[in-house]
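Q: I would like a close look at a single part of this model. Please choose the part, set it in the context of the whole chain, and then work through it residue by residue.

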Amino acid sequence: GTHVYKTGCLFDELPLNFVDIASEAGASEVHLKYSTCTPEKIQAIHDAGMDSLVWMRGPIGMISDSKNYVDVGNEDASMYRIIMATGVRTLCVNRPDRLIDIVGSAYGNDKV
């Protein structure tokens, strides 16, 4: 975009033309709800020249989502690994301690 600061276009429900909407808004990055994140969507964001961020709902929202998705409420390492495998560049999480453990393990360091 043309903004001095990074600007994010945040989506809860994702329309089919989300990349166009973000581009037209002048966003420098697209923020997707975790449950809408796929490798194809992340690639489309990056192909359009924008950065990507995936956000988790707050703890109460995540517990609510666990009624629709198996093993969501605890935001475990498995969930973070699946999201990271999409190619997303930034994660906004409720359990940074678990994410730090994953990153530390990936680099052979138990203490990050």
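A: The chain has an accessible surface of about 6,900 Å². Carbon and sulfur atoms account for 54% of that surface. Such areas come from the Shrake-Rupley method with a 1.4 Å probe, and for residues only the protein chains shown count as cover.

This is a predicted model, in which local features need pLDDT of at least 70 and side-chain atom pairs count only at pLDDT 80 or more, while totals for chains, interfaces and linings use all residues. Residues are numbered from 1 along each chain as its sequence is written, and side-chain values use heavy atoms, with hydrogens and water left out.

First, the context. The chain has five helices and four strands. Both are DSSP runs numbered from the N terminus: helices are H or I with at least four residues, strands are E with at least two. The order from the N terminus is β-α-β-α-β-α-α-β-α. Of the 112 residues, 35% are buried. Buried means under 20% relative accessible area, exposed means over 50%, and partly exposed lies in between (1.4 Å probe, protein chains only). Contacts (heavy atoms within 4.5 Å) also reach along the chain. Among those with a separation of 6 or more, 39% join residues 24 or more positions apart.

The part to look at is the sheet. Four strands build it, in the order 1-2-3-4. The sheet is open and its pairing is parallel. Two strands pair if DSSP finds at least two bridges between them. Strand 1 (8–11) and strand 4 (90–92) sit at the edges, each pairing on one side only. From one strand to the next the twist averages 20 degrees. Axes here are lines fitted to C-alpha atoms, for helices over the stretch in contact, and angles run from 0 to 180 degrees between N-to-C directions.

Start at strand 1. This strand pairs with strand 2 (residues 29–33) over four bridges, in the parallel sense. G8 has E29 as its bridge partner in strand 2. L10 stands opposite H31 in strand 2. Strand 1 also has two faces: C9 and F11 are on the covered one, G8 and L10 on the uncovered one. In a regular strand the side chains alternate between the two faces of the sheet.

Now move to strand 3 (51–55). Strand 2 and strand 3 pair over five bridges, again in the parallel sense. V54 in strand 3 is the bridge partner of L32. Strand 3 is mostly covered, with four of its five residues buried.

W55 in strand 3 deserves a pause. Why does W55 count as buried? Because its relative accessible area is 15%. Leaving out residues up to four places away in sequence, W55 touches L10, F11, D12, H31, L32, K33, Y34 and C92. C37 lies 18 residues from W55 in sequence, and the C-alpha atoms of the two are 9.5 Å apart. C37 is buried at 13% relative accessibility. C92, by contrast, is partly exposed at 40%. A search of the whole structure finds zero disulfides (pairs of cysteine sulfur atoms within 2.5 Å).

Past strand 3, the loop leading to helix 3 (59–65) holds R57. R57 counts as partly exposed because its relative accessibility is 26%. Its C-alpha atom is 8.1 Å from that of Y34, a residue 23 places away along the chain.

Next, what lies over the sheet. Helix 2 (residues 39–47) crosses strand 2 and strand 3, at about 145 degrees to strand 3. H46 belongs to helix 2. H46 counts as buried because its relative accessibility is 18%. Beyond residues up to four places away in sequence, H46 touches D51, S52, G87 and R89.

Finally, the core. A nonpolar core is a set of buried Ala, Val, Leu, Ile, Met, Phe, Trp, Tyr and Cys residues joined through side-chain atoms within 4.5 Å. The largest one has 22 residues. F18, V30, I45, M50, M56 and I83 have the most contacts inside this core. Strand 1, helix 1 (18–24), strand 2, helix 2, helix 4 (77–84) and helix 5 (96–106) each supply at least two of its residues.
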